[in-house]
Each structure stands twice: as C-alpha cells, then as structure tokens.
Amino acid sequence: MLVAQTLEADVPELAVRDILAQLALPHRLKRNSAAIILCHNAFIESGAARAVCERLPFTAAGVNTFLNASSSGCEDAILMTVCVLTSDRCVFAAGLSEPMDNEVEGPAARLYVGAENLLARRPAMALLFAPLLRSLPAGEFLTAALDSASDGVPIFGTVAADYTTNVRSPRVIFDGEAYPDRAALILIEGPIEPQFAVEPVSLANSVPHKAIVTGAAGDIVTEVNGIPALDFLESLGLAQDGHITGVHTIPVSIDTGDGEPPVVRAIVAQGPGGSIVMGGTVPAGALMGIGAMDKAHILAGMRRISLRQGLSPSSPLLVYSCITRNIVLGFDYTLEADALREGLRGGGPFAFAYSLGEICPVPLSGGRWRNAFHNMTLVAASL
C-alpha cells in the first residue's frame, strides 16, 4: 500500500502535485492497482479530490471524513489521504451503485454482481464505501444485502462522515465524483488472507438493569418500558427538558434474544412524539442496556488494535473509528490517531479515518467470520 497525503485543499493543482510526488507511481506500481481516497469535504468542494482522481491511472473510491491519518506522518481534519493498493498477484474490480433512497437491496446486489463479473474468481474480500441515507439505516441494510449477494465474502468498510457539530454533507467518492446516495465497492481477488479486528464499546460501565423496548419501527424506538423513549432517558438523567444530553455519545446495547451477542447502537437523533432514532434497526421486545464511554476506554481499544497488528508489521492496515469516539475525546481530538501511530511505529503502511458506521466481519467459532454493521466501534483490516 502506497500512501500519500496533502493539506492543499484550496488549489487542486497543488494537491495533485503533492500526491503524485509522494506516490512516485512510475517507479512503484505493479501490474494491478486501485486507490482509496479519504478526505475532508473541502477537497470535494474545491475540486481537488476530482483533480487527484483524474490523474490516477486506475479506479479510486472513498469517502469524505471528519479526520484522517496515515503512516505518511500527518493527522488532521482538513487533509486528504490517498492509499494505492498495488499488486502483481491480486486483481481489483470496482463499481458504483445506482442511487439509493428507500430501497437498498436491489442496487446493492447489482453493484456486487457487476463488480464480481470483472473478476475471474471469487474475491478474497470487499472494501465498501457507504452513504449515510436519512430515510433508513443504509449501512446496516447495505451490509446485509452485499453479504447475501456475495454469499459471505468478507466486507470491510465505512460510512461517509462529514461532520462538524452535526452531520453535514457525507458523500461517497468514485473516480473523482462525489455522491450523497450511492455506494462504492472495491473487490480484491488473489492470494491474500485478510485479518479483522473489532473493538466495540465496552458495556462494563452500563446501567445494571435492562429495559424492554415496547415500541419500535425500523431504526425508530417509540417506547421503552411502556413510556415514550425520551421519557425513559430522562428517568436515567440522560435527557432534560425534552432534550437528550450527549446525543451520539450514549452507547445502547440491544439484545434480541436470538442467541447472538448484543449489538451496540448509537442514538442518532430525537424523533417526533418522544421517540429516538437509532443507528440501526431495533425490534420491539429487545432488551436495551445503557452504557458509557470515556477517553481511557477509547485509547485502550486503539492500543489493543495496534498490538494485534504488531503480529504482521509489514501488512497494510486500514482502521476506521466511529465519530462518537472522537466526540468523547473533546479537545484532544487527535489522541486516537496519535495512539495508532505510536503503536505502529516502525511498522507497515496504514490509513485511519473516522466513520458514521463501521462495516467489519466479526469472529465466529472455527475460524469463521460473519459480516456485520457496527456503531461506536473501532474496526481494522490487515491485508
């Protein structure tokens, strides 16, 4: 993985010069290549992202993000990172979905099939760049649809995360164009054995008594323990005068009773009538637990990721962290990226970015994996 970065958001020509000089492609490219783009929204608005993609002789896909970092040595909000995956033995196939709004399954299936048809064999893994749709939990639905269409090919990815004090204009980038409602995919075929790591929010510091979701529809929870969801949060001191205190930063565990481990979901927003909007679907009848995050817990998770990667220090590493974890860091907003860099000092190339939803396989017994969508989680893929 060849990595380059630029802070030149305002002048596209300078961004192109920065990136190409660092990549030195004529001397380093192998037979097959694809690129990952991680950048602040300013690079899309100025045309710098488009200009860089137009100068790359292969497909580039990615997202805009609140903050990113890499082994090139810089972490910042207004930053572009370009990661070129290049190989003589692996083959890359990329695709862009149709626009998605109220329906994800069909466009997702056609996206996967179209990309896989460009390959000779079943891919070893997929890199997904997902949009944030306001009408439904797209990350969760997209992960499930691609898992079904691919028959379980490991999927690792991120949801676009353009964020200031609120969600602004998250977009998926594909060959220089930016889309609010499309997904992009890079399939990798060849002799790689990707390894995945998932560091969810710990529920050790959770409220001891679980509640029952008594009213829900999709990702909207209307009632908990028979009262409006907002009133339930207020009874725990997590809402006041009709407003949630610390929305986005309250970990909520959801146990559906199906034998699977509980999943962690974020509270995305307040809904009408005292309802709350979650970062994924919540069925009525599920047990709900309320947890908490702090700086020490977040940094401990990053240190564990770094130690795990130390077992294969030359392998390219992709790391995505939920934006809620960054909010908890407050003014120390680069601490998580700093901890990753320190932990991987002297190791292989890496890229890190914040996300509004993380896609990463979770381990099962017998060395198997299951594709899953996460909230408030730190995920990593070692290629």
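**Aromatic pairs in a predicted model**

Hi everyone. Let me start with F156: its relative accessibility is 1%, so this residue counts as buried. Keep in mind that what you see above is a predicted model.

Where does F156 sit, and which residue does it pair with? F156 belongs to strand 9, residues 155-159, and its partner Y320 belongs to strand 24, residues 317-322. The two are 164 residues apart, so the pair links distant parts of the chain. Y320 is buried as well, because its relative accessibility comes to 2%, and the cut-off for buried is under 20%.

Now the geometry. A pair of aromatic rings is described by the distance of the centres and the angle of the planes. For F156 and Y320, the centres are 5.2 Å apart and the planes meet at 20°, which means the pair is stacked, as stacking calls for planes under 30 degrees apart.

This pair also has company: F156 and Y320 join F196 and W369 in a cluster linked by ring pairs. The model has five aromatic pairs when counted by this rule.

Let me show you another one, F66 with Y354. Is this pair stacked or edge-to-face? The ring centres lie 6.3 Å apart and the planes are at 65°, so edge-to-face is the answer, since that label needs an angle over 60.

Here too, distant parts of the chain are linked: F66 is in the loop between strand 3 (60-64) and strand 4 (68-70), while Y354 is in strand 25, residues 350-355, with 288 residues separating the two. F66 is buried at 17% relative accessibility, and Y354 is buried at 0%.

That's my tour, thanks for listening!

Notes: Residues numbered from 1 in each chain as written. Predicted model: local features only at pLDDT ≥ 70, side-chain atom pairs only at ≥ 80, totals over all residues. Heavy atoms only, no water. Phe/Tyr/Trp six-rings, centres within 6.5 Å; stacked < 30°, edge-to-face > 60°. Helix = DSSP H or I, 4+ residues; strand = E, 2+ residues; numbered from the N terminus. Buried < 20%, exposed > 50% of the residue type's maximum accessible area, 1.4 Å probe, protein only.
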